[in-house]
Amino acid sequence: MEMGRRRLGLVAVVAVAVAAVGVVIAPAAQASTGCRVDYTVTNQWPGGFGANVNITNLGDPVNGWRLTWSFTAGQTITQLWSGAVAQSGAAVTVTNASYNGSLGTGAGTSFGFNGAWTGANPTPTSFALNGVTCTGSASGGGTGASPPPSSQPPSSPPPSSAPPSSAPPSSPPAGGSMPSTFRWSSSSALIAPRSDSTHTIAGIKDPSVVYYNGKYHVFASAANASGYSLVYLSFTDWSQAGSATQYYLDRSGIGTGYRAAPQVFYYAPQNLWYLVYQTGNASYSTNSDISNPNGWSAPRNFYPSMPSIISQNIGSGYWVDMWVICDSANCYLFSSDDNGHLYRSQTTLAQFPNGFTNTVIAASDANRNNLFEASNVYKVAGANQYLLIVEAIGSDGRRYFRSWTSPTINGSWTQLAATESNPFARANNVTFNGTAWTRDISHGEMLRAGYDQTLTISPCHIQYLYQGLDPNAGGSYNTLPWRLGLLTQTNSTC
């Protein structure tokens with residue numbers, strides 16, 4: 001895999017101040033105004049960059065904000081979250097999202113974006129908040145992320161530092177459309193289950209992964225004959241994955257009991273990490289620090305009970321594999337039933353994690369094996385396109401992935417690589433170094449170009465962390481010796 005995209009820490013900080021005391025003085029009988037903007041280039045690669053912008057209101061409270069600045073070297077914004085952007089030439093205007101428009105005195109908020117550049121990428125030196133120029137002394141680089149809006153339900157504090165939007169070193173966030181065929185190479189089994197004095201584990205499976213602060217953070221199911229729990233590990237390089245310490249999350253607020261199929265992401269509107277998983281319901285926990293396995297909150301449910309449309313169609317299947325993705329206005333919760341149905345519910349960014357209603361069948365197949373479980377939905381960077389992959393069971397009984405695309409998350413899905421002869425990922429389009437250690441390409445997750453709720457991936461040099469299985473293994477499903485390996489796309493066209 002390609003390794004090593006240098007992360008840059010370029011920071012431009014602008015503040016309103018008077019003399020040396022940093023006090024904003026407004027003219028008599030006028031509202032006090034003032035602001036500080038911390039603009040951080042969090043990562044940069046040839047032709048592109050990521051940035052985080054923190055705004056602090058030093059004046060009277062405002063209800064609705066508009067931040068303006070001008071680029072000086074032709075840079076353009078290609079994707080922005082936690083706000084709305086308009087750009088005309090060099091001039092950029094970012095306005096608040098529905099959930100972060102109210103700023104009291106001393107309060108702050110933040111947004112992030114990906115951009116494009118050619119030749120040079122200097123940081124802007126002048127910003128204006130609601131038409132008032134922010135000019136003054138610097139406050140040092142990289143101020144902390146703003147606290148979550150008070151209207152949001154989780155009570156966990158924000159992280160101590162704003163998360164960088166860096167991509168994994170092996171996955172530069174280039175843009176473009178997905179190819180219509182895929183070829184992969186697979187690593188050996190990188191991560192095996194590790195039992196301890198209180199956990200006897202047969203398999204490690206269902207991984208979710210993000211790259212954050214220089215580390216890969218992996219969450220997975222730990223399975224044995226009696227059921228499932230969740231496990232966490234982190235490492236800086238895939239060569240360290242097999243020796244990384246595994247933390248069992250039943251020792252955190254997540255607690256004991258049936259917990260399986262995790263998905264992790266950073267929800268920028270609330271400055272919180274979310275871990276979504278199945279408990280018999282669709283559940284979640286939150287954490288202000290992804291690297292603290294003991295910091296996860298007790299489970300909460302997205303639904304009061306199984307939505308009626310699922311109970312009416314599930315038949316002899318199981319309600320499994322919850323998956324959350326958000327666009328600029330809404331969040332969507334997908335799930336499967338092992339009976340040929342993919343379900344989708346919806347809520348607004350401001351209401352999340354509450355308010356999931358309008359549960360519908362997003363896709364279905366009369367052959368349950370063709371649309372079985374383990375759905376992933378991603379935003380494709382640089383394209384008006386979303387990618388859906390769903391695990392299927394092939395005619396040989398082996399697991400593999402089919403794929404579809406759509407211009408919207410809640411739109412109709414068009415087949416991309418979705419057959420056994422032209423799959424997204426199956427044993428017949430994966431090469432191994434030596435004897436294949438698995439013939440199943442099963443439940444996993446892409447290495448994303450970021451880690452927030454938009455679940456953005458690059459269509460170039462895709463990598464996928466998946467569960468595989470010794471082809472000769474047998475026994476009940478929960479006792480199968482699943483291991484985790486990494487697919488790397490070998491036919492990238494960009």
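Begin by selecting Ser229 in this predicted model. Ser229 belongs to strand S16, which covers residues 227-235. Is Ser229 buried or exposed? Its relative accessibility is 12%, so Ser229 counts as buried, the limit for that class being under 20%. To see what surrounds Ser229, display His199, Ala220, Ser221, Ala222, Tyr248 and Arg259; Ser229 touches each of these, residues up to four places away in sequence being left out.

**The whole chain**

Next, select the entire protein chain and colour it by secondary structure. The assignment gives one helix and 34 strands. The chain has 494 residues, and 57% of them count as buried. Among contacts with a separation of 6 or more, 61% are between residues 24 or more positions apart. With a surface displayed, the exposed area is about 18200 Å², of which carbon and sulfur atoms supply 49%.

**Strand S5 and its two partners**

Now select strand S5, residues 66-70. In a regular strand, side chains alternate between the two faces of the sheet. Which residues of S5 lie on the covered face, and which on the uncovered one? Leu67 and Trp69 form the covered face, while Arg66, Thr68 and Ser70 form the uncovered face.

Add strand S8, residues 91-95, which runs antiparallel to S5 and is joined to it by five bridges. Within this pairing, Val92 of S8 stands opposite Trp69. Then add strand S11, residues 127-129, which is also antiparallel to S5 and pairs with it over three bridges. Here Leu129 of S11 is the residue opposite Leu67.

**The nonpolar cores**

Nonpolar side chains tend to be buried together in soluble globular proteins. The largest nonpolar core of this model has 62 residues. Which of its members touch the most others? They are Phe302, Ile325, Phe334, Phe352, Leu387 and Phe424, and these six may be selected together.

Centre the view on Phe424. Leaving aside neighbours within four places in sequence, Phe424 is in contact with Phe182, Trp184, Leu387, Ile389, Phe401, Arg402, Ser403, Ala417, Asn429 and Met446. Apart from this core lies another, of 24 residues, which includes Trp69, Phe111, Phe113 and Phe127. Trp69 has already been met on the covered face of S5.

**A four-stranded sheet**

Proceed to strands S22 to S25. They make up an open sheet of four strands in the order S22-S23-S24-S25, with antiparallel pairing. Strand S22 (320-326) and strand S25 (357-364) are at the edges; each has a single partner strand, so one side of each lacks a neighbour in the sheet. From one strand to the next the twist averages 25°.

For a detail of this sheet, select strand S24, residues 341-348, together with S25: the two pair in the antiparallel sense over five bridges. Arg344 has Val360 of S25 as its bridge partner.

**Salt bridges**

Side chains of opposite charge can pair when their charged atoms come close. The model contains nine salt bridges. Select first Asp206 and Lys205, which form one with the closest N and O atoms 3.0 Å apart. Asp206 counts as buried at 4% relative accessibility, and Lys205 is likewise buried, with a relative accessible area of 4%.

Next, select Asp440 and Arg398. Their salt bridge has its closest N and O atoms 3.0 Å apart. Asp440 lies in the loop between strand S30 (430-432) and strand S31 (442-446), and Arg398 lies in the loop between strand S27 (386-393) and strand S28 (399-406), so the pair ties together parts that are 42 residues apart in sequence. Asp440 is buried, with a relative accessible area of 4%, whereas Arg398 counts as partly exposed at 24% relative accessibility.

Then turn to Arg426 and Glu420, where the closest N and O atoms of the salt bridge are 2.9 Å apart. In this pair Arg426 counts as buried at 12% relative accessibility, and Glu420 counts as partly exposed at 24%.

For the last stop, which residues are linked in a network of salt bridges? Select Glu373, Glu391 and Arg399 to display that network.

Notes. Residues numbered from 1 in each chain as written. Predicted model: local features only at pLDDT ≥ 70, side-chain atom pairs only at ≥ 80, totals over all residues. Heavy atoms only, no water. Pairing = 2+ DSSP bridges. Axes fitted to C-alpha atoms, helices over the stretch in contact; angles between N-to-C directions. Buried < 20%, exposed > 50% of the residue type's maximum accessible area, 1.4 Å probe, protein only. Contact = heavy atoms within 4.5 Å. Areas by Shrake-Rupley, 256 points an atom, 1.4 Å probe, with all protein chains shown as cover. Core = buried A, V, L, I, M, F, W, Y, C linked by side-chain atoms within 4.5 Å. Salt bridge = Lys/Arg side-chain N within 4 Å of Asp/Glu carboxyl O.
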